[in-house]
Every structure is written in C-alpha cells, then in structure tokens.
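Welcome! Please take a moment to look over the sequence and the 3D structure, and then read on for a short guided tour.

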Amino acid sequence: MPQASPAAAGGQANSAAGGQANSAAAGGQANSEYVLTLSCPDRVGIVHAVAAYLHQAGCNVLDSQQFGDRIAGRFFMRVHVESLQPTATTYQDLYSGFSPVAAEFAMDWELHDTAVQPRVLIMVSKAGHCLNDLLYRRAAESLGIDVPLVIGNHPDLAALARAHGVAFEHVPADPRDPLSAQRAEGRLLDLVGELNIDFVVLARYMRILSPALCAKLPGRIINIHHSFLPSFKGARPYHQAHAHGVKLIGATAHYVTANLDEGPIIEQEVARVDHTSSPEDLVAIGRDAERVALARAVRWHAEHRVLLHGRRTVIFR
C-alpha cells in the first residue's frame, strides 16, 4: 500500500481544519480522529513503537487491530485514534512525527483524517441495481463517501444518478473501436485528476479496462463480478448456472488488475438455490448478492480497513 504523500497530507489537514473551525464557532469542540494503517517486515517492537509514538503525540487509541503473517513474515496494523483537546495534534504534525518510526521499521503506511470523506467515481453500463444501492447508502449516511460524478458508457442510468443528486457523464467506449476505448480511458484519468478522486468503483461497468490503466490506479479500482461454482463466463451467466443446476450462486468484489477478474478479493457473498429457482430467480438473487458484496467492499475500503498483501487482502472489520 503506497505511503500518503505530503501534498495529500496538506490537503486533508486544510479540509479538516476548516470543518473543525466551523464546529468550534458553533460552540462545539470535537476531537480530531485519524486512521493509521501500515504493513512492514515482522519483527519485535512494532506495536510498542507505534503505541509509544501515539501516546507521545497526545492521541487516545479508540481501536487497534493487527495481524502477523508468519508464512510471509509480514505484519499489518490499523489504528483508529483521537487527538485530544485542547492541544489537539494536527494531521500534518502527526504525519511528520510518525515518519521516523515508519522509516525505522521499513513501513508502507498511510494516515487518514476521518473527517475527510473519500471521493469516489462510479462507472456503470446499463444495470442500475448496484449504482442505486451505493447512492442510497450514501444518502442514508451508512456509507461515508462523496460521489461527485457517475460515468456511463451508455446513457441509460443518467436519470437514476441525477435523481440522487449526482452528475452523470456519458463516455462511450465501443469495444470494436480501439480509439473509442482509448479516449474513454483518457477521459477517466482526466476526471480522476480534476475531481481529486480517491478510488473508482465499477458498479456493473461492462467494459474491460486496459492493463495500462490498471497500472496507473493500483489498489484504487473496485469491481463487482458474478461468481459461481463452477464459474460461468460470457453472456447470460445466470442462465448457464440454471442449466447446470447449481446449488450456490454469488458475487465477488475485488480490486481490478491487468489479470481479468483475478485481482485481490475484498468480499464475497453467496446464496443457496435449488431446482425450483428459475433463471429469473437466479438473476434477482444474484443482484442482491452483488449489491451486498459491493457495498461492503466500498465501505471497508473507504474506512481504510483493507490492506493489500500481494494477491490477497488483509481486512480489519
């Protein structure tokens, strides 16, 4: 997992400071909260060094989770802290002060201000169930993300996005026209930069992203994929599943890599079916599984609970 950049740190500090100033002006004085995530070669003293620094920095630990992979010899940790008033440590101070500790243990680490919601770009095609679910959860405040834009390679879901108060942009990506696909990916990268997007969600976006694009956004694109035992590829997967008499259907939320549908898995949801289930029943059940798996994956990523571990993930729920 990449280390947070000082530029990003400054941006978060400014955003959080503005919110805290407004809160103080209104008569409140909420403590700042941060999430520190890290991974490094496993050795004695990591937890002690992290806890000692946070104590010295005036932080109170609200939640701490860790995992040591004995096979790989690597250690993972997520710590949620609050910086106590009246001398609350700022994001920049906490970031700068932790850098020597991180260097000592060769950590890959990130620090996040929980007051700053991740900015998410959602990409869709024609199926709207995952988009509708994510935008509903965002509005219901059960999913802490900011969605400035939805991109569709078809215009079909424009009305749905706008009904949720989110802008929609139609960016065609014709698989028969290589130039069309290149223009679409170029536009996506432009928007990621212009809108300060933290990560991208493919909410049933039915186009394959190029290896070059995947390499530019590692660990920042989440996809939802129907998964079956056995796996059915191509058109009408639920009808294929019905023809084979499957007993379990499900969905897999994973990070997108250059290897199609083989990126690190974040979450999987399954449902049991039987001979009475029609193809239409399987489609409906499958859509529910897709909604649930994708929403969990997006929430865990947004809350900085997912750490990449090669082809795997470590998830602190």
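What follows is a short briefing on the fold, its packing and a few single residues.

Keep in mind that this is a predicted model. The protein chain has 317 residues, and 44% of them count as buried. Along the chain you will find 9 helices and 13 strands. Among contacts in the protein chain with a separation of 6 or more, 68% link residues 24 or more positions apart.

**A four-stranded sheet**

- Strands of a sheet pair through backbone hydrogen bonds, and this pairing can be parallel or antiparallel.
- Here, 4 strands make an open sheet with antiparallel pairing, and their order is 2-3-1-4.
- Which strands sit at the edges? They are strand 2 (59–69) and strand 4 (108–113), each of which pairs on one side only.
- On average, neighbouring strands of this sheet are turned by 10° against each other, ignoring direction.
- Strand 2 and strand 3 (residues 74–83) run antiparallel and are joined by 10 bridges.
- To find one of these pairings yourself, start at Cys59, whose bridge partner in strand 3 is Ser83.

**Two helices and the sheet**

- Helix 2 (residues 46–56) lies across strand 1 (32–41), strand 2 and strand 3, and runs at about 15° to strand 3.
- Helix 3 (residues 91–104) also packs on the sheet, where it touches strand 1, strand 2 and strand 4. The direction of helix 3 makes about 165° with that of strand 4.

**How the two helices meet**

- A pair of packed helices is described by the angle between the axes and the distance between them.
- For helix 2 and helix 3, the axes come within 11 Å and cross at roughly 150°.
- Angles over 145 degrees count as roughly antiparallel, so helix 2 and helix 3 are roughly antiparallel to each other.
- The crossing of helix 2 and helix 3 is right-handed.
- Which residues make this contact? From helix 2 come Ala49, Val50, Tyr53 and Leu54, and they meet Asp93, Leu94, Gly97, Phe98 and Val101 of helix 3.
- Sorted by type, the residues in this contact are 7 nonpolar, 1 polar and 1 charged.

**An enclosed strand**

- Is strand 10 (residues 248–255) largely enclosed or largely open? Of its 8 residues, 7 are buried, so strand 10 is largely enclosed by the rest of the structure.
- Strand 10 pairs with strand 11 (residues 265–272) in the antiparallel sense, over 7 bridges.
- Within this pairing, Ala253 has Glu267 of strand 11 as its bridge partner.

**Asp69 and its surroundings**

- Asp69 is found in strand 2, one of the edge strands of the four-stranded sheet.
- Is Asp69 buried or exposed? Asp69 has a relative accessible area of 6%, and buried means under 20%, so Asp69 is buried.
- Leaving out residues up to four places away in sequence, Asp69 touches Arg74, Phe76, His309 and Arg312.
- Asp42 is 27 residues from Asp69 in sequence, while their C-alpha atoms are 8.0 Å apart in space.

**Two residues with a positive phi**

- Most residues other than glycine have a negative phi.
- Ala106 is not a glycine, yet its phi is positive, near 55°. You can find Ala106 in the loop between helix 3 and strand 4.
- Asn196 also has a positive phi, of about 55°, although it is not a glycine. Asn196 lies in the loop between helix 6 (178–194) and strand 8 (199–202).
- With a relative accessible area of 57%, Asn196 is exposed.

Definitions and conventions:
Residues numbered from 1 in each chain as written. Predicted model: local features only at pLDDT ≥ 70, side-chain atom pairs only at ≥ 80, totals over all residues. Heavy atoms only, no water. Pairing = 2+ DSSP bridges. Axes fitted to C-alpha atoms, helices over the stretch in contact; angles between N-to-C directions. Contact = heavy atoms within 4.5 Å. Parallel < 35°, antiparallel > 145°, perpendicular 65-115°, else oblique. Left-handed = near helix turned anticlockwise from the far one by under 90°. Nonpolar A, V, L, I, M, F, W, Y, C, P; charged D, E, K, R; others polar. Buried < 20%, exposed > 50% of the residue type's maximum accessible area, 1.4 Å probe, protein only.
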